[in-house]
Amino acid sequence: MKYYYELALSLVSGIGPIKAKNLIRYCGSAEAVFTEKRSRLLKIPEVGDAVIKAIIDHNVFDKVEKELEYIKSNNIEVLYYQNDNYPKRLLHCPDYPLILFKKGNYNVDAPYVISIVGTRKATPYGREVCNKIVEYLKDFPVIIVSGLAYGIDIYAHEAALKNAIPTVGVVAHGLDQVYPKAHQGQAAEMMKNGGLLTEFISGGKPDRENFPRRNRVVAGLSDVVLVVESQERGGALITARLAQDYNRDVFAVPGKVTDPFSLGCNKLIYENGAALYMDPEQL
């Protein structure tokens with residue numbers, strides 16, 4: 001089956017995307033990782049007893065077969081990092097996922113990709129800014145990326161749908177569900193002009209540790225990350241800092257110094273972590 005061993009390797013506990021790609025590079029293929037002799041595996045840099053034990057003791061093949069059946073039955077496209085359909089921008093990030101799952105109708109390598117992120121407790125000011133930015137971008141060959149969460153994320157997706165701009169939700173779970181459930185309607189509309197993207201297989205829950213992993217994909221997919229509103233701590237700031245690490249342009253929308261939902265943006269600007277956003281023409 002196509003992608004059988006690639007998917008299996010991505011599911012082995014304790015082997016992240018960097019180690020997995022290192023193993024494939026030295027062994028020649030994902031399948032070879034599972035058949036290679038222990039003595040040869042030990043010669044691979046950064047591969048010790050713990051990694052080898054994880055490969056030998058894995059119990060992932062049943063999951064792989066179930067997931068491949070799900071993929072086939074639900075018209076999901078598999079994006080493997082060695083194939084041409086893998087997002088080109090992500091390949092410049094050292095920790096890009098081994099494999100991604102895509103559903104919908106969009107070009108991951110569109111001429112311009114802008115990620116719009118922010119607090120889940122967005123204010124009317126944040127919504128207004130989202131609407132103005134996205135409306136301005138409707139005449140450009142751009143896609144809008146966000147995380148389908150409450151607040152700024154869903155406002156960005158809704159504004160893109162309203163202006164007929166492709167919009168992609170990068171989610172922290174498999175494509176068998178939509179989280180939060182309240183956004184199922186928007187997700188269904190996005191399938192017509194945009195869609196969903198994830199590195200997680202079906203059946204899993206949107207656990208807390210999945211969201212920082214999701215955020216790195218949001219940052220890595222984009223040319224520009226725009227933080228509209230954020231409290232002093234939050235996932236949007238994680239995305240902004242990851243975007244900095246990936247040498248992406250980062251903008252933050254300033255707000256009142258007394259507004260708790262602008263503290264994060266103001267701090268990013270003050271610390272030179274983001275350029276001050278003034279109007280959409282900057283983008």
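# A tour of the predicted chain

Start by selecting Gly 28: in this predicted model, Gly 28 sits just after helix H2 and takes a positive phi of about 100 degrees.

**Helix H2**

Now step back along the chain to H2 itself, residues 17–27. Colour its buried positions, which are Ala 20, Lys 21, Asn 22, Leu 23, Ile 24 and Cys 27. Lys 21 and Asn 22 are on that list along with Leu 23 and Ile 24. To see what the buried residues of H2 pack against, display H1, helix H3 (30–35), helix H4 (38–41), helix H5 (49–56) and strand E1 (77–80).

**Helix H1**

Next select H1, residues 4–11. Here the buried residues are Tyr 4, Glu 6, Leu 7, Ala 8 and Leu 9. Their packing partners are H2, H3, H6, E1 and strand E2, the last of these covering residues 99–105.

**H1 against H6**

Keep H1 and add helix H6, residues 61–73. The two helices pack with their axes 9 Å apart and an angle of about 125 degrees. H1 and H6 are therefore oblique to each other, since that class takes in angles that are neither 65 to 115 degrees nor over 145. Their crossing is right-handed. Show side chains on both sides of the contact: H1 contributes Tyr 4, Tyr 5, Leu 7, Ala 8 and Leu 11, while H6 contributes Phe 61, Lys 63, Val 64, Glu 65, Glu 67 and Leu 68. Colouring these by class gives 8 nonpolar and 3 charged residues, with no polar ones. Tyr 4, Leu 7 and Ala 8 of H1 take part in this contact and are also buried.

**H10 against H11**

Move along to helix H10, residues 210–221, and helix H11, residues 235–245. Their axes lie 8 Å apart, at an angle of about 50 degrees. H10 and H11 are therefore oblique to each other, and their crossing is right-handed. From H10, select Pro 212, Asn 215, Arg 216, Val 218 and Ala 219; from H11, select Gly 235, Ile 238, Thr 239, Leu 242 and Ala 243. These residues make the contact, and they divide into 6 nonpolar, 3 polar and 1 charged.

**Phe 211**

Stay in H10 and centre the view on Phe 211. Is this residue buried or exposed? Phe 211 has a relative accessible area of 15%, and the limit for a buried residue is under 20%, so Phe 211 is buried. Leaving aside residues up to four places away in sequence, Phe 211 touches Arg 120, Ala 172, Tyr 179 and Pro 206. Then draw a distance from Phe 211 to Gly 235: their C-alpha atoms are separated by 7.8 Å, although the two residues are 24 apart along the chain. Gly 235 also belongs to the H11 side of the contact with H10.

**The whole chain**

Finally, zoom out and show the chain as a cartoon. It has 12 helices and 9 strands. Along its principal axes the C-alpha trace spans about 60 × 40 × 30 Å. What radius of gyration does the chain have? The value is 20 Å, which agrees with the figure near 19 Å for a compact globule of 283 residues. Colour by burial, and 54% of the 283 residues are buried. A contact map completes the tour: among contacts between residues at least 6 apart in sequence, 70% join residues at least 24 apart.

Notes
Residues are numbered from 1 along each chain as its sequence is written. This is a predicted model: local features need pLDDT of at least 70, side-chain atom pairs count only at pLDDT 80 or more; totals for chains, interfaces and linings use all residues. Side-chain values use heavy atoms; hydrogens and water are left out. Axes are lines fitted to C-alpha atoms, for helices over the stretch in contact, and angles run from 0 to 180 degrees between N-to-C directions. Helices (H or I, at least four residues) and strands (E, at least two) are DSSP runs, numbered from the N terminus. Angles under 35 degrees count as roughly parallel, over 145 as roughly antiparallel, 65 to 115 as roughly perpendicular and the rest as oblique. A crossing is left-handed if the near helix is turned anticlockwise from the far one by less than a right angle, and right-handed if clockwise. Contact means heavy atoms within 4.5 Å. Ala, Val, Leu, Ile, Met, Phe, Trp, Tyr, Cys and Pro count as nonpolar, Asp, Glu, Lys and Arg as charged, and the others, Gly among them, as polar. The radius of gyration is taken over C-alpha atoms; the globule rule is 2.2 Å times the number of residues to the power 0.38. Buried means under 20% relative accessible area, exposed over 50%, partly exposed in between (1.4 Å probe, protein chains only).
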